[in-house]
Amino acid sequence: MPELAEAYACVPSTERGRGILISGSPKSNTILYTNNRSVILLNLDNPLDVTVYGEHAYPATVARFSPNGEWIASADVSGAVRIWGSYNDHVLKKEFRVLSGRIDDLQWSPDGMRIVASGEGKGKSFVRAFMWDSGTNVGEFDGHSRRVLSCAFKPTRPFRIVTCGEDFLVNFYEGPPFKFKLSLRDHSNFVNCVRFSPDGTKFISVSSDKKGLVYDGKSGEKIGELSSEDAHKGSIYAVSWSGDSKQVLTVSADKTAKVWEISGDGNGTVKKTLSCPGSGGVDDMLVGCLWHNDHIVTVSLGGTISIFSVTDLDKTPLQISGHMKNVTSLVVLKNDPKTILSSSYDGLIIKWIQGIGYSGKVQRKETSQIKCFAAVEEEIVTSGFDNKIWRVPLHGTECQGADSIDVGSQPKDLSLALLSPELALVTTDSGVTLLHGNKVISSTDLGFTATACAIAPDGNEAIIGGQDGKIHIYSITGDTLTEDAVLEKHRGAVSVIRYSPDVSMFASGDTNREAVVWDRVSKEVKLKNMLYHTARINCLAWSPDSTMVSTGSLDTCVIIYEIDKPASSRMTIKGAHLGGVYGLAFTDNNSVVSSGEDACVRVWRVNAQ
């Protein structure tokens, strides 16, 4: 059976003007973050070591390891908290409905018996603390009038809980059972994050008023603040203490992270300002941070994770990035099959190298959304939602001057002739257009709605699939298309057509979950009954030696068929991507790459039966 060889993780979901929370494992260098419905466990020492938990029914917001590292509690926008094992099968221990709205933060008590969660609620319930095994309430949390963005549990006895939120308040509770003690009204804007020091003597709150204030952990009195010289010039979104409780790390909308030395009297001075390499745009605002063992981790609004080493802060950080949204297409470059290009519909193109992982974002001048995507040796061809086809020369990860061609209506599918890549075939609602370089050679009205197309490598033949499930084969001479044959087998709109690399066959998939492999010369069905998906087929790929074809579907599965065996002896990868598979490609005869709705890219090792 195919097994997972490598996974390239998605990046944390971020939101403008809000901090995000990442957390670390008490036992190892693993960090936790969330993207859409997934909770990602990423090993800082080896970024290809990724585990994804996808059992939430709604987008997840925050996840934390229990103090002994055995369990993970994760929360989502519906107000549910799931507690599950951090190893192997991630077995579910409990699920509780904690708040009536989105949960923004949650913390374990130091003994691992209680959990406090905060967020949006109806009425007065913005915060709840409960026993982790039974869900029983431990205390009353009054005193907030708006969404509570962060909460913290004092790591030493006597236990305390601190919360902060959009009502500019920091509230202090004593317990258990917890009850309101006092409100601290020192901030003049949203208070984004509050954290106790690991030794429990102090806690710090940071806010959009650009200030950080330090309080006594036992009584809640204000004892100091972060110095105003060399301070942040933008909202501070997150804060994290060092393990020895002497330093804190803050990140801000001013695109910098700062390490502060906290003196005994509770005042902080800047020890080092970390600036992450980037273009300096909005995407470089920092929204999340974590001080974990010997690593300092920061997350930018664009999702880039930068990992600094605590022992040498001047060293350039290791940067990991990836997609945040559905990865709709994948291309493996023919001249360098270890290089994978993936594009997500928000317009981001990322280059991956098999065995290494992330290798850079492809910088394009226009950052329009991408619907169709194709690439050959030195050129990327994309189309978005604006009737234009872009041809972008590619050198490494840099793009030089791009040309755009207007084809008159929105492109549905595009295909390049591999042997003469200037030639491109584009289907639109009204018909089909042939391009040579950046000139339109001809536009033909076909008289049916075309949904998918493929052009033969030598550019002499085109196959076009329609909304009615029929496949039309045209021969191309100069700029005219002549219909040669119509093949009827599909019972749904044709969603994808691909020639085999040796051009002796072609395969097609439809929205009614069926795929067919055809012989190109006789136009007969070569492999039938490929009916093992339970939803529409989104993508299809051939192995380089033309012996295998794989299909990816909305039902989250990838199925690999061998051409010379019946379809029933297929290999299935179940649950390849949460939410559906949208991109597929082979890098060699034994490796298939897939991408999907969960924003991850995965490489599978396939051994023929």
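Helices and strands are here DSSP runs, of at least four residues for a helix (H or I) and at least two for a strand (E), numbered from the N terminus.

**Figure 1. Overall view of the predicted model.** The secondary structure of the protein comprises zero helices and 56 strands. Its C-alpha trace extends over about 85 × 50 × 40 Å along the principal axes. The radius of gyration is 27 Å, which agrees with the value near 25 Å for a compact globule of 609 residues. Of the 609 residues, 59% are buried. Among contacts with a separation of 6 or more, 45% join residues 24 or more positions apart.

**Figure 2. Surface and charges of the protein.** The protein exposes about 23,200 Å², of which carbon and sulfur atoms supply 47%. It carries 62 positive and 70 negative charges, and the mean positions of these two sets lie 6 Å apart.

**Figure 3. The largest nonpolar core, with 24 residues.** The residues with the most contacts inside this core are Ile31, Tyr33, Ile40, Leu42, Val297 and Ile305. At least two core residues come from each of the strands β3 (30-35), β4 (38-43), β25 (286-292), β26 (295-300) and β27 (305-309). A second, separate core holds 16 residues, including Ala73, Ala75, Val81 and Phe96. In soluble globular proteins, nonpolar side chains tend to be buried together.

**Figure 4. Surroundings of valine 297.** Beyond its neighbours within four places in sequence, valine 297 is in contact with Ile22, Ile31, Leu44, Leu249, Gly288, Cys289, Leu290, Ile305 and Ser306. Two of these partners, Ile31 and Ile305, are listed together with Val297 among the residues with the most contacts inside the largest nonpolar core.

**Figure 5. Isoleucine 471 in strand β44.** Strand β44 covers residues 470-477 and contains isoleucine 471. Isoleucine 471 counts as buried because its relative accessibility is 0%, the limit for this class being under 20%. When residues up to four places away in sequence are set aside, isoleucine 471 touches Ile463, Ile464, Gly465, Ala485, Val486, Leu487, His490, Val494, Phe506, Ser508 and Trp518. Between the C-alpha atoms of isoleucine 471 and asparagine 607 there are 32 Å, and these two residues are 136 residues apart along the chain.

**Figure 6. Glutamate 166 in a loop between two strands.** The loop that holds glutamate 166 connects β14 (160-165) and β15 (170-174). With a relative accessibility of 7%, glutamate 166 counts as buried. Residues up to four places away in sequence aside, glutamate 166 touches Arg18, Arg146, Arg147, Leu149 and Phe190.

Notes. Residues numbered from 1 in each chain as written. Predicted model: local features only at pLDDT ≥ 70, side-chain atom pairs only at ≥ 80, totals over all residues. Heavy atoms only, no water. Core = buried A, V, L, I, M, F, W, Y, C linked by side-chain atoms within 4.5 Å. Buried < 20%, exposed > 50% of the residue type's maximum accessible area, 1.4 Å probe, protein only. Contact = heavy atoms within 4.5 Å. Rg over C-alpha atoms; globule rule 2.2 N^0.38 Å. Areas by Shrake-Rupley, 256 points an atom, 1.4 Å probe, with all protein chains shown as cover. Lys, Arg positive; Asp, Glu negative; His and termini not counted. Charge placed at Lys NZ, Arg CZ, Asp CG, Glu CD.
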